[in-house]
Structures are given as structure tokens and as C-alpha cells.
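Me: Got a minute to go through a structure with me? I'll throw short questions at you as they come up.

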Amino acid sequence: MDESKKRLVQRLMRKIPTKMLKTTLEKWGRLTGEQQRAMDSVHSKWALTENLLAICEENELAVKHLTELEMIYMIDNPDHGMWYAFQLTDPEDDAQSVDLTQFKEQFKSHLRELVREVSIKIKKHTDEAVWIRIAWGDASNHPDHLKPTYVVHYLQTPYVFVTRLTSKQKPMLSQAMVLSTRYLYFKDANLSGRNLTAIRDLLMRKYQQVFPTKYPSPLTERKQTVTNPHVEREQAKPAANRLQMACEAFGGGTLPQLQSAVYKLETKFKDHTNTLMTEREEPFRCVVKFSSTNLLESLKNCASSGIASTPVTPLLSSIPLKGKNYFVITDNGPGPSSQMRQTQN
């Protein structure tokens, strides 16, 4: 076995947890029953790696077979790494008619016109997502399968999710996507996170939204610590109103699990007691970042419990409303999102 395949197997074995290895190998389907049983009888990660290396050599498996194994693991475990959301805009008349076969042919063709040395593997998942694995090379180097880019696109929607994409590779992916999907622009959606499911649900509105209404009575799930019935009645309505406004701002039920929201301020400094800063021509710049294991749930709890004031400020409610967690605030309002237009051949 050559060194590149050996490093790829070793990398895969470091990534796949031992408890998930059996299921992943069974889905892969490249091992005989006897080989699978031999793997199942070993528990040391080092020994498992050596066994799999020997099996790959015995079965004469190529790099394309090993990348299949990696894709199976990635599709089953998408909530790892940093994912970035992009949005296709300005569809052409036939954008909605692009099917999987057309997309695969067009994407591979256009990307290979831009990058001579590139390896592309496309697989459709059961939830209608099209998964794309891209190993990039250049004029002097073969595709690097140790640092692939993963792209997830839902056909007939404008949404694209990407992980491990460099600034050098972004224009090439952008052009291949707009040409193969029949859109004009590929722009940053200003949404990112380590949980692909969460940013997908937020951008595609796949979570329980709550619209303005009035709860008929305080929710029974709220814990009431006051026993005086008059005080209870007095507190119940404001508590229900706070919960209603919190749900309207962030949603109800299980919320998409975002880890952060970033606000980049580029505004004039305004303080009549500090003329030195106020008279500066350059805007005052700073970055404010909110972090949590589940940011939307944390913000919702702060609003419903009274820790934060209600109605919720648009700066925070814009996260689910606009499907973004990166904002630039200026005196003239948020600036336009960056976008790339397809170039004419």
C-alpha cells in the first residue's frame, strides 16, 4: 500500500470512534464477513488500524473506496467542524428544474474546467441533501485527500453549507455552484456554527416558530414559588407575556443549537463628555460576541425569566428572524452582504 492511502486510512481511524466503527464498516460494505468478524474481535485502536490497513491491501482498495468510507461517517455525523452557510440568489428561469443527474454532471464539468487536479465525489442523502466531497490539487500537486472540502446542498433550494473551504478555493466553488444550479450569485449568508443541523434548521426555518398571539393562561410548566393567590394572579399575566414575547422572538419547542453570535460595530463614538473620541472622523470599531452551548435557548430563557427586558431587542431577535449570527452594525444600518457573480466564459 502506498503512503498516501496509508495516511488516509490512519486519519479515518483516528476520526471514527471505536464504538461506531462496526456500523460504519457495515454500511461501507467493502469487507467480507470473515474480515468484518476479524475487525469486531479487536478492541485496540492501533490493532484495528493495522487490521484495516492489511484488509485494504488484501482487497486492493483504491483511494476512491476509502473516500466512500469517510463520506459515510461524515453524513452520519455532520455536527463536527465549523460549517458556513451560503445562499444562491437571482435564479434563472430553469433553476427549479435542475435534477440530481444534471447537477452532478454540470458541477463536475465546471469545477474540472477551473481546477485540473481535483477529485469530486457526490452522494445523495435520504433527507434530500446532496453531499459533495472535494479534494483540491493544483498544476503541480495531486488532490489532497487529507484536507477535503465538504459541501451540502439541498436541490431546488438556494441553500449551501460548506466546511473546510479556503479563501483561494471559494471563487472556484462559487462559480461551479452558480453555473450548475442556474443562479447568478453565491453569497455569504452570515451564519456559521459547529452544528450543521442547527444552522440548516435556522436558515431553512425547520424549527417551531411562534407567531404573535396571547396564551389563554400561564403555561403549566412554569414553576410558581409564590403561594399567595392574589400575588399569583398578579404575577401570572406578566410572566405569560414575557414567555410569549420570548417565544415570538426565538421560537418554541427545541431550538437550533447555535454556539455564538457576533456583532461587529463600526459606528461614530457618541459621548458629549469625551470630545476627543467624538470628534474623530474614523468610526469606533469593536466586536461583541455572545457564546453559549445553546445560544437561542439561553437568550429565550433570559427574556422569559425577566433577566433580560422584553420586548426582545431586534439585535437579538434578528438571529432567528434573518437566519444569521454575524452582523455588521453601522450608522447607516447593516451593509450589503458580499456576493460573487458568475463570470462569462
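Me: Let's start with helix H4: how many residues does it have, and what's its reach from first C-alpha to last?

Reply: H4 covers residues 45–58, so to speak 14 residues, and spans 20 Å from its first C-alpha to its last. That is close to the 20 Å expected at 1.5 Å a residue. Keep in mind that this is a predicted model.

Me: Which residues of H4 are buried?

Reply: Ala-47, Leu-48, Thr-49, Leu-52, Leu-53, Ile-55 and Cys-56.

Me: And what do those pack against?

Reply: Four helices: H1 (3–15), H2 (18–28), H3 (33–40) and H5 (63–76) all take contacts from the buried residues of H4.

Me: What about the backbone after H4?

Reply: Glu-60 follows H4, and its phi is positive, near 55 degrees.

Me: Where else does phi turn positive outside glycine?

Reply: Asp-90 is one case, with a phi of about 55 degrees, and Arg-182 is another, with phi near 70 degrees. For context, most residues other than glycine have a negative phi.

Me: Where do Asp-90 and Arg-182 sit?

Reply: Asp-90 is in strand S1 (residues 83–91). Arg-182 is in the loop between helix H7 (170–181) and S6.

Me: Why does Asp-90 count as partly exposed?

Reply: Because its relative accessible area is 40%, and partly exposed runs from 20% to 50%. Arg-182 also counts as partly exposed, at 21% relative accessibility.

Me: Any odd peptide bonds? What joins Thr-310 and Pro-311?

Reply: A cis peptide bond, with omega about 0 degrees. Pro-311 is in the loop between helix H11 (295–305) and helix H12 (314–322).

Me: OK, S6 came up a moment ago. Is Phe-186 in that strand buried or exposed?

Reply: Phe-186, which is in strand S6 (residues 183–193), counts as buried because its relative accessibility is 1%. Phe-186 and Pro-158 are 28 residues apart in sequence, with their C-alpha atoms 9.0 Å apart in space.

Me: Switching to empty space. How many cavities of 30 Å³ or more are there?

Reply: Two. The largest cavity holds about 50 Å³, and the second largest cavity about 30 Å³.

Me: What lines the largest cavity?

Reply: Ala-95, Val-98, His-153, Leu-155, Gln-156, Thr-157, Thr-181 and Tyr-183. By class that lining has four nonpolar, four polar and no charged residues.

Me: And the second largest cavity? What is its lining by class?

Reply: Four nonpolar, one polar and three charged residues. Among the residues lining the second largest cavity are Lys-268, Arg-280 and Glu-282, along with Phe-269 and Phe-284.

Me: Now pockets. How much space is in the second largest pocket?

Reply: About 300 Å³. Of the 13 residues that line the second largest pocket, the closest to its centre are Trp-136, Gly-137, Asp-138, Asp-144 and Gln-169. Its lining has three nonpolar, five polar and five charged residues.

Me: Zooming out, how many helices and strands does the chain have?

Reply: 12 helices and 10 strands. Of the 345 residues in the chain, 41% are buried.

Me: What about surface area and long-range contacts?

Reply: The chain exposes about 19300 Å², with carbon and sulfur atoms supplying 51% of that area. As for contacts between residues at least 6 apart in sequence, 72% join residues at least 24 apart.

How values were computed:
Residues are numbered from 1 along each chain as its sequence is written. This is a predicted model: local features need pLDDT of at least 70, side-chain atom pairs count only at pLDDT 80 or more; totals for chains, interfaces and linings use all residues. Side-chain values use heavy atoms; hydrogens and water are left out. Helices (H or I, at least four residues) and strands (E, at least two) are DSSP runs, numbered from the N terminus. Buried means under 20% relative accessible area, exposed over 50%, partly exposed in between (1.4 Å probe, protein chains only). On a 1 Å grid over the protein atoms alone, a cavity is a set of points where a 1.4 Å probe fits but cannot get out, and a pocket is an open set with protein on both sides within 12 Å along at least five of seven lines; lining residues have an atom within 4 Å of a point. Grid points are joined across faces, edges and corners, and a volume is the space filled by probe spheres set on the points. Ala, Val, Leu, Ile, Met, Phe, Trp, Tyr, Cys and Pro count as nonpolar, Asp, Glu, Lys and Arg as charged, and the others, Gly among them, as polar. The expected span of a helix is 1.5 Å times one less than its number of residues. Contact means heavy atoms within 4.5 Å. Accessible areas come from the Shrake-Rupley method with a 1.4 Å probe; for residues, only the protein chains shown count as cover.
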